[in-house]
Structures are given as structure tokens and as C-alpha cells.
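Biologist: Before I plan anything at the bench, could we go through this model together, one question at a time?

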Amino acid sequence: MPARFNFRGGSIPKAVCKLRLHPGIGGAYPYEMNPPEAPAPAIPIVLDIEASGFGSHSYPIEIGLALEDESTFCSLITPEPEWTHWDPSAELIHHIDRTMLLRHGASARAVADTLNKRLTGSVVYSDGWAHDYSWLALLFDAAGAMPRFRLESLRSLLNDAEAARWHETKDQVSAALRYERHRASSDARVLQLTLLCVKYGESIGTRTHSAKQVDEMAALDMLTLAEHYRSAYGHCDRPWLRARHAAALAEGGRVIAEHLEKQLAGYVLLRPIGTEEWEVSAFNLHPWYRSTSLYRRLMTRSLAHLISHGASKLTSLVLPTHETSIRFHERLGFTCVAHTPEMLRYEIPVAELACRLRLA
């Protein structure tokens, strides 16, 4: 059994407190050098635990993760012989009965091993840190193992203004995702997306879009989209691209970007076009990152912005010759509603996009 110490009235294995974050891979190398296989994770990993109840005799019955690539993991946990506490009022919330655990749960050892395999070297965040810390410690104690990741409070990622918006935003996210089944993994996903909403969903009026940012976007467009723009419009140069982006920003647009090693790796330019409708005016990735999860992170951050602004529909403009973008939109469930020589117009309900991103 690991050494133990007292923590806020509970008993927690000391092993849980000795975790250190392993150094991660840096961002992209400068353009003239070989790029890494994937960009560094930008979306925090979130953990949620369902328990038999509260108090010193409670124990974890299900654990769920929302990972940095937006995939999820969930597992029921078979109670240890000495885990006998059961709170019927807690069952009314998580809808898991003890028979289900005995029939479908995995052992504490198996769950602990899976968590270590998926999370080694990571920092994981929880919204109920004090309780989840104790339950996670109990799980690893029963497994006779040491966690190889660190658990932190999700609140540590928020400033006071963001924390004040948390509960209202979480309700919006829950309504948009419309999970049919209550699971620890779905709760973790709601928390993860709520975090993105409050961190990145602020209005354009709170941000300053510098000339440098517009220049970066135009430079990336010249690198990857100039041929498509010329095919559609007959011309394309940096001043013309800067003017297009600046016009969208002046109309209340919002840039969602990912920088790696201080260079633009990808961006989405969103623009409001109605009370509940937004438009993707431009979306571009550096070629190095098109086979990575960067597009999912950008779309997830865009979804967070849309939800936080009460959007119900997303429109996206696609160049007719850009077959990769066309396939991407169709794979995500967008429907083409208009076709001109200059542009294809796709649409999707925000709730449908949320579901598609979850399953993609």
C-alpha cells in the first residue's frame, strides 16, 4: 500500500502528490526545417468521476476523460470488496446501479493501467478537484499503482471574469451537445467545451486584431490558396487578401488561430451574419498540419465561440476548386445550399456540428 497522509480531512496516497509533468514536444520548427509529426496539444484534458456518494466511505464507480484530440474514454469500475457504501440519492443523478458495476465494470487495476497508458506525462483538469483527487487516489491505492499524470483544478485555468461566466456557459454547452446518456465521459466533454467557450468565446470587441495578424493570414493564404482564388476571381495578391480579412473583422469578425513557434499554423475567420447565424469567411491550415488534429482543435474552438454567442447555424464559404475543403465540409455534415463560380455556400446547424465533431 502506498504511504498515506491527511488531506482536507481525508486520507490520500502520498504517491498521488509526487507527480511531475514530463516535458512535452515544442511547437513547429521554423519553415525551412523539418516539421514535427503533430503540433503540441492546445486543448486541456478533462477528467470527471462518478461516485457512490460523498463522504469518507464513498468510492469511484465510473471515470471519464475528454482528451486533447477531442476523443473520449469512459469506464465503469467494479467495487472492491471493502467498497460497500451506496447513496441512493447519488444514483438518481448518475443512474448507475451497483448491479451494473458488478456486471460491466473493470477492475481498479485495469482502469488505473488504462489511465496511466493514456495520460502519462499529462496534466489533467477536474472541476471537482477535492472530491476527484480523493476518489482517484482511492482507485490507484486499490490498484497498488502510482499515477503517472498530475491532477489539477480546472478553476486554475480561469480568471475571475471567466469563472463568473462558467455556469451559464456550461448550461449553453449542455443544451447544444444534447447528450442522450449521462456518462462521466460526456460530463468531461461538456466541461472541456465550456472551458473553451469561456476562454475563447469572447466577442470581437474585447480583442485587438493587429495588422501583423492580418498579414500572417494573408501570407498563409498566398502559400496555399492563391491558385484557388485566382481560379475563382481572376486575381489574388496579399493586399487583396488583407482587405478581405480586414473587412470581415470590421463587421464583427473573430479570428481563431493556432500559432506554433510564433508562426501561424492555421486559423478560422468567423463573421456574424444574423442574430443566430455565423459564417466561416476563411479557414486555412499550413500544409504541414493538414494530417494532424489541428483542424479539429480549430473547429472545436470555433464551436465554443458559436455556442457562447447563441448561434444556431453556421455557414461556410468554400472555393469551388478546393476539393480538399469540399470533402472536409461534407464529411462533417455540411450541406451545400448555393453554388456560384466564385464560391460554394455550405450550412450546418450548430447542434449537428457539435455531434459530428464528437463522432469524427
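**Reading the predicted model**

Modeller: Let us begin with a side-chain pair in this predicted model: a polar contact joins the side chains of Ser58 and Trp135, at a distance of 2.9 Å.

Biologist: Where does Ser58 lie, and is Ser58 buried or exposed?

Modeller: Ser58 lies in the loop that runs between strand E3 (45-51) and strand E4 (60-66). Its relative accessibility is 5%, and because buried means under 20%, Ser58 counts as buried.

Biologist: Which backbone oxygen does the side chain of Ser58 reach?

Modeller: Not counting residues up to four places away in sequence, Ser58 touches Ser52, Gly53, His85, Trp135 and Leu138. Besides the polar contact with the side chain of Trp135, the side chain of Ser58 reaches, at 2.8 Å, the backbone oxygen of Gly55.

Biologist: Is E3 largely enclosed or open, and why?

Modeller: On one side of E3, Ile45, Leu47, Ile49 and Ala51 are buried, and on the other side Val46, Asp48 and Glu50 are buried as well, which leaves both faces covered. In a regular strand the side chains alternate between the two faces of the sheet. Because seven of the seven residues of E3 are buried, the strand is largely enclosed by the rest of the structure.

Biologist: To which strands is E3 joined, and which residue in E4 is the bridge partner of Ala51?

Modeller: E3 runs parallel to strand E6 (residues 123-126), to which two bridges join it, and there Val46 stands opposite Tyr125. E3 and E4 run antiparallel and are joined by six bridges. Within E4, the bridge partner of Ala51 is Pro60.

Biologist: How far apart are the end C-alpha atoms of helix H4, and what span should its residues have?

Modeller: Helix H4 covers residues 129-143, and its buried residues include Trp129, Trp135 and Phe140. At 1.5 Å a residue, the 15 residues of H4 should span 21 Å, and this agrees with the distance between its end C-alpha atoms, which is 21 Å.

Biologist: Which residue follows H4, and what is its phi?

Modeller: The residue that follows H4 is Gly144. The phi of Gly144 is positive, near 65°.

Biologist: Where does Ala311 lie, and how far in space is Ala311 from Pro272?

Modeller: Ala311 lies in the loop between helix H11 (294-308) and strand E11 (313-318), and at 10% relative accessibility it counts as buried. Leaving aside neighbours within four places in sequence, Ala311 is in contact with Glu276, Trp278, Leu306 and Val350. Ala311 and Pro272 are 39 residues apart in sequence, while their C-alpha to C-alpha distance in space is 9.0 Å.

Biologist: How many disulfides does the structure hold, and are Cys74 and Cys336 buried or partly exposed?

Modeller: The structure holds zero disulfides. Cys74, at 24% relative accessibility, counts as partly exposed, and Cys336, at 38% relative accessibility, likewise counts as partly exposed.

Biologist: Over which residues does pLDDT stay under 50, and what is the mean pLDDT of the chain?

Modeller: pLDDT stays under 50 over residues 1-41, for which the model has 79 contacts beyond four places in sequence. pLDDT also stays under 50 over residues 202-209, for which the model has 17 such contacts. For the chain, 82% of residues reach 70 or more, and the mean pLDDT is 81.

Notes
Residues are numbered from 1 along each chain as its sequence is written. This is a predicted model: local features need pLDDT of at least 70, side-chain atom pairs count only at pLDDT 80 or more; totals for chains, interfaces and linings use all residues. Side-chain values use heavy atoms; hydrogens and water are left out. Helices (H or I, at least four residues) and strands (E, at least two) are DSSP runs, numbered from the N terminus. Buried means under 20% relative accessible area, exposed over 50%, partly exposed in between (1.4 Å probe, protein chains only). Contact means heavy atoms within 4.5 Å. A disulfide is a pair of cysteine sulfur atoms within 2.5 Å. A polar contact is a pair of N or O atoms within 3.5 Å; within protein, one must be able to donate a hydrogen and the other to accept it, and residues adjacent in sequence count only if both atoms are side-chain atoms. The expected span of a helix is 1.5 Å times one less than its number of residues. pLDDT is the predictor's confidence in each residue, from 0 to 100. Two strands pair if DSSP finds at least two bridges between them.
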